[in-house]
Amino acid sequence: MDDLEHEHAHGHQSHQGKDDTLAMAVAATLHCLTGCAIGEIAGLVIGAAAGLGNTPTVAISIALAFVFGYALSTLPLLKGGLGLPTALGLVLAADTLSILTMEVVDNLVVLVYPGAMTAGLLDLTFWVSLLLSLAVAFVAAVPVNWYLLRRGKGHALTHGHHA
């Protein structure tokens with residue numbers, strides 16, 4: 001029995017309609033996108049400043065996207081009174097699939113965008129490809145977050161713990 005069937009069988013239907021769930025999915029994805037974007041840009045700047053090649057730069061960017069994505073989700077939980085281990089556990093369960101989706105899509109877009117992998121920080125191609133990749137990643141992650149929310153997973157796990 002899935003979560004929706006469980007709710008109906010036990011008479012505790014969700015107070016959220018499809019529109020509410022979609023709005024929450026968009027908000028969760030925007031939140032996730034913020035952390036991913038900060039991490040991506042920081043990683044790209046670090047890689048470029050250090051003169052690293054594409055592979056280590058992308059690896060740093062992905063790692064920082066997860067770090068910043070998790071950090072931005074953990075802070076409100078800590079302010080809401082949760083301990084660090086509990087908050088991190090919730091965030092790992094809530095955000096990992098969303099961040100992973102964004103990172104896979106984001107990096108695929110940059111890989112196929114002509115000239116993106118060789119563009120420097122001062123090159124318009126770099127910034128256009130980055131913005132496009134983040135926009136496409138957002139579109140790809142909204143349905144993931146919607147699905148998770150409809151199942152009581154994803155950001156639904158953290159929603160009641162915010163300050």
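A residue counts as buried when its relative accessible area is under 20%. By that cut-off, 37% of the 163 residues of the chain are buried. The model shown in these figures is predicted.

**Figure 1. The chain as a whole is built from helices and has no strands.** The secondary structure comprises 6 helices and 0 strands. Along the sequence the elements follow the pattern α-α-α-α-α-α. Among contacts in the chain with a separation of 6 or more, 69% join residues 24 or more positions apart.

**Figure 2. Four helices contribute to the lining of the largest pocket.** The largest pocket holds about 320 Å³ of space. Its lining takes two or more residues from each of helix H2 (18-49), helix H3 (54-79), helix H4 (84-112) and helix H5 (124-150). In total, 22 residues line the pocket. Those nearest its centre are Leu44, Asn54, Thr57, Ala116 and Phe126. Sorted by class, the lining has 11 nonpolar, 10 polar and 1 charged residues.

**Figure 3. Helix H3 carries a set of buried residues.** H3 has 26 residues, and the distance from its first C-alpha to its last is 38 Å, close to the 38 Å expected at 1.5 Å a residue. The buried residues of H3 are Thr57, Ser61, Ala65, Phe66, Gly69, Tyr70, Ser73, Thr74 and Leu77. An α-helix has 3.6 residues a turn, so residues three or four places apart point the same way. Thr57, one of the buried residues of H3, is also among the residues nearest the centre of the largest pocket. Just after H3, glycine 81 takes a positive phi of about 105°.

**Figure 4. Glycine 69 of helix H3 touches aspartate 95.** Glycine 69 has a relative accessible area of 5% and is therefore buried. Leaving aside residues up to four places away in sequence, glycine 69 touches Gly35, Asp95 and Ile99. Glycine 69 and aspartate 95 are 26 residues apart in sequence, and their C-alpha atoms are 7.7 Å apart in space. Aspartate 95 is also the centre of a kink of about 45° in H4.

**Figure 5. Helix H4 is kinked and includes asparagine 107.** H4 has 29 residues and reaches 39 Å from its first C-alpha to its last, close to the 42 Å expected at 1.5 Å a residue. Its kink, about 45°, is centred on aspartate 95. Asparagine 107 is classed as buried because its relative accessible area is 14%. Beyond residues up to four places away in sequence, asparagine 107 touches Glu40, Val58 and Ile62.

**Figure 6. Threonine 125 lies in helix H5 and touches residues that come before it in sequence.** With a relative accessible area of 24%, threonine 125 is partly exposed. Not counting residues up to four places away in sequence, its contacts are Tyr113, Pro114, Gly115, Ala116 and Ala119. Of these, Ala116 is also among the residues nearest the centre of the largest pocket. Threonine 125 and proline 114 are 11 residues apart in sequence and 8.4 Å apart in space, C-alpha to C-alpha.

**Figure 7. Valine 139 is an exposed residue in helix H5.** Valine 139 counts as exposed because its relative accessibility is 57%, and the cut-off for that class is over 50%. Valine 139 and threonine 29 are separated by 110 residues in sequence, with 8.8 Å in space from C-alpha to C-alpha.

How values were computed. Residues are numbered from 1 along each chain as its sequence is written. This is a predicted model: local features need pLDDT of at least 70, side-chain atom pairs count only at pLDDT 80 or more; totals for chains, interfaces and linings use all residues. Side-chain values use heavy atoms; hydrogens and water are left out. On a 1 Å grid over the protein atoms alone, a cavity is a set of points where a 1.4 Å probe fits but cannot get out, and a pocket is an open set with protein on both sides within 12 Å along at least five of seven lines; lining residues have an atom within 4 Å of a point. Grid points are joined across faces, edges and corners, and a volume is the space filled by probe spheres set on the points. Ala, Val, Leu, Ile, Met, Phe, Trp, Tyr, Cys and Pro count as nonpolar, Asp, Glu, Lys and Arg as charged, and the others, Gly among them, as polar. Buried means under 20% relative accessible area, exposed over 50%, partly exposed in between (1.4 Å probe, protein chains only). Contact means heavy atoms within 4.5 Å. The expected span of a helix is 1.5 Å times one less than its number of residues. The bend at a residue is the angle between axes fitted to the seven residues ending there and the seven starting there.
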